[in-house]
Amino acid sequence: MSAVQLAYEQLKAYEGRSTSAACVGKDLVNEPMIRHWCEAVGDTNPAYQGPDAIAPPTMLQAWTMGGLSGHTDRSGAYDELSGLLDGAGYTSIVATDCEQEYLRPLRPGDRITFDAVIESVSERKTTKLGTGYFITTRMDVRADGELAGTHRFRVLKYAPAARTRGATARTRGATVRTPEATVRTPEVAAWTPETAERSQASQRSQAPERSQAPERPRARRPRPVINRDNAGFWEGVAGHRLLIQRCTGCRTLRFPWLPGCNTCGSAEWETVEASGAGTVFSYVVMHHPPFPAFTVSEHVADVPRTQANAPRPHAGAPGPESDAPTPYAPAPDAPTPYAVGLIELAEGVRIVSNVIGVPYDKVRIGMPVRLEFLRVDEELELPVFRAAEGGEG
């Protein structure tokens with residue numbers, strides 16, 4: 001079914017309509033839920049413990065959840081809007097983002113009530129997923145009648161874009177499409193040895209022309225998001241140093257980098273360079289999809305150190321390669337799965353990175369690994385971990 005464009009005024013009429021009113025949270029804000037939340041996300045901030053504890057602000061929506069039984073005091077406005085879009089062909093939905101505003105802390109014993117409205121419906125938009133409409137709902141959360149925060153949630157209700165196929169063919173007079181050329185083949189009913197020979201000669205004559213086509217640029221890995229809180233880490237990577245933060249107040253090591261200490265709350269810190277030794281604490285094997293940017297031969301097995309794209313050893317390791325520049329040469333694309341490990345460093349903190357030097361199915365928990373820096377393209381180097389000699393266990 002192809003989607004039809006709806007009159008924007010018809011959709012805009014839903015703006016401001018309530019989706020739930022005077023709903024009541026099923027539980028008071030309580031310490032056990034706060035504890036479970038903090039344990040799940042690894043947040044040890046002392047503000048969430050003790051007699052004067054508050055709830056983490058990001059739990060704002062958690063207190064409004066209806067659980068498996070849901071809430072019974074919802075209006076039908078949202079379902080009505082969704083049904084209108086379904087009927088017009090916009091049958092798919094994807095969450096895009098949410099925004100939260102915190103106005104006052106929530107404390108154990110607070111009774112939560114909330115109201116929600118359809119805040120806005122966008123004009124028709126075309127995205128990579130397809131064409132559709134962005135719908136934003138706003139929920140106002142109150143604690144004992146006082147506005148405590150606002151939660152906005154946005155979805156795209158869309159008609160999926162038609163998929164393109166790399167090659168299509170018909171039984172008679174097939175048209176074969178490839179990235180390089182479009183070739184019309186003879187009618188099947190008219191096949192003779194002479195027509196087959198002419199077809200092969202035609203294809204041979206086109207081969208040099210196709211081979212001279214410019215190569216497509218190799219896919220590049222996504223760039224890391226660098227900000228004021230982690231810039232020092234990436235400066236260390238550029239200098240082949242893996243830096244860990246250490247709180248100058250309580251001396252606790254932390255990774256990944258954060259603006260403050262989770263243990264004592266201090267904002268003062270210094271750095272410690274990791275020795276490069278570690279073990280595989282846990283790991284996953286990535287099978288799909290086979291993104292070319294992530295299919296590097298180092299993910300499969302050892303590569304001779306003389307190869308142009310071999311990774312450099314840890315900056316402090318001995319040997320002539322430590323200071324020698326390593327030119328980048330793209331590795332051949334390969335859809336082979338690769339291992340992503342949670343590496344426990346000798347210093348006690350953990351980092352997520354690739355495990356290289358052994359086939360993905362030989363990676364094991366407890367396997368000793370050693371830090372290296374792998375140049376993945378002309379601009380980007382990343383810390384990775386090579387399985388130690390005889391470390392397959």
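**Figure 1. Strand S16 in the predicted model, with its enclosure by the rest of the structure**. Strand S16 spans residues 368–375, and six of its eight residues are buried, so this strand is largely enclosed by the rest of the structure. Strand S12, residues 277–286, runs antiparallel to S16 and is joined to it by three bridges. Within this pairing, Ala 277 faces Arg 370 of S16 as its opposite residue. Strands of a sheet pair through backbone hydrogen bonds, in either a parallel or an antiparallel sense.

**Figure 2. The hairpin between strands S16 and S17**. Five residues form the connection of the hairpin that joins S16 to S17. Strand S17 covers residues 381–387, and seven bridges pair it with S16 in the antiparallel sense. Opposite Arg 375 stands Glu 381, a residue of S17.

**Figure 3. Helix H3 and its buried side**. Helix H3 comprises residues 77–87, in which Ala 77, Leu 81, Ser 82 and Leu 85 are buried. These four residues lie on the same side of H3, because they cover an arc of only 135° around the axis. On the face turned away from the buried side of H3 are the exposed residues Asp 79 and Gly 87. The partners against which the buried residues of H3 pack are helix H1 (8–12) and the strands S1 (18–24), S3 (112–121), S5 (130–143) and S6 (146–160). After H3 comes Gly 89, with a positive phi near 105°.

**Figure 4. The open sheet formed by strands S10, S9 and S11**. The three strands of this open sheet follow the order S10-S9-S11 and pair in an antiparallel manner. Strand S10 (253–254) and strand S11 (269–273) stand at the edges with a single partner strand each, so one side of each has no neighbour in the sheet. Strand S9, residues 243–247, is paired with S11 over five bridges in the antiparallel sense. One residue pair of this arrangement is formed by Gln 245 and its bridge partner in S11, Thr 271. In a regular strand, side chains alternate between the two faces of the sheet.

**Figure 5. The largest nonpolar core and the surroundings of Phe 233**. The largest nonpolar core contains 30 residues, of which Phe 233, Leu 242, Val 280, Ile 343, Leu 345, Ile 351 and Phe 385 touch the most other members. At least two residues of this core are supplied by each of helix H5 (231–238), S9, strand S14 (338–345), strand S15 (350–356), S16 and S17. A second, separate core has 17 residues, including Cys 23, Val 29, Met 59 and Leu 106. Apart from its neighbours within four places in sequence, Phe 233 is in contact with Leu 242, Leu 243, Phe 255, Trp 257 and Pro 383.

**Figure 6. The aromatic pair of Tyr 90 and Tyr 133**. The count of aromatic pairs comes to five. In one of them, Tyr 90 and Tyr 133 meet edge-to-face, with 5.2 Å from centre to centre and 80° between the planes. This pair links distant parts of the chain, 43 residues apart: Tyr 90 belongs to the loop between H3 and strand S2 (92–102), and Tyr 133 to strand S5. Both Tyr 90 and Tyr 133 are buried.

**Figure 7. The aromatic cluster containing Trp 257 and Trp 269**. An edge-to-face pair is formed by Trp 257 and Trp 269, with 5.1 Å centre to centre and 65° between the planes. Trp 257 lies in the loop between S10 and S11, whereas Trp 269 lies in strand S11, 12 residues apart. Trp 257 has 10% relative accessibility and therefore counts as buried, while Trp 269, at 34% relative accessibility, counts as partly exposed. Ring pairs connect Phe 233, Trp 234, Phe 255, Trp 257 and Trp 269 into a cluster.

**Figure 8. Arg 350 over the ring of Phe 281**. Arg 350 is placed over the face of Phe 281, at 3.5 Å from the ring centre.

**Figure 9. The protein chain as a whole, for orientation**. The protein chain has five helices and 17 strands. Of its 393 residues, 34% are buried. Among contacts in the protein chain with a separation of 6 or more, 67% come from residues 24 or more positions apart.

Technical notes. Residues are numbered from 1 along each chain as its sequence is written. This is a predicted model: local features need pLDDT of at least 70, side-chain atom pairs count only at pLDDT 80 or more; totals for chains, interfaces and linings use all residues. Side-chain values use heavy atoms; hydrogens and water are left out. Buried means under 20% relative accessible area, exposed over 50%, partly exposed in between (1.4 Å probe, protein chains only). Two strands pair if DSSP finds at least two bridges between them. The arc is that of the directions from the helix axis to the C-beta atoms. Contact means heavy atoms within 4.5 Å. A nonpolar core is a set of buried Ala, Val, Leu, Ile, Met, Phe, Trp, Tyr and Cys residues joined through side-chain atoms within 4.5 Å. Rings of Phe, Tyr and Trp (its six-membered ring) pair if their centres lie within 6.5 Å; planes under 30 degrees apart count as stacked, over 60 as edge-to-face and the rest as tilted. A charge sits over a ring if NZ of Lys or CZ of Arg is within 6 Å of the ring centre and within 35 degrees of the ring normal.
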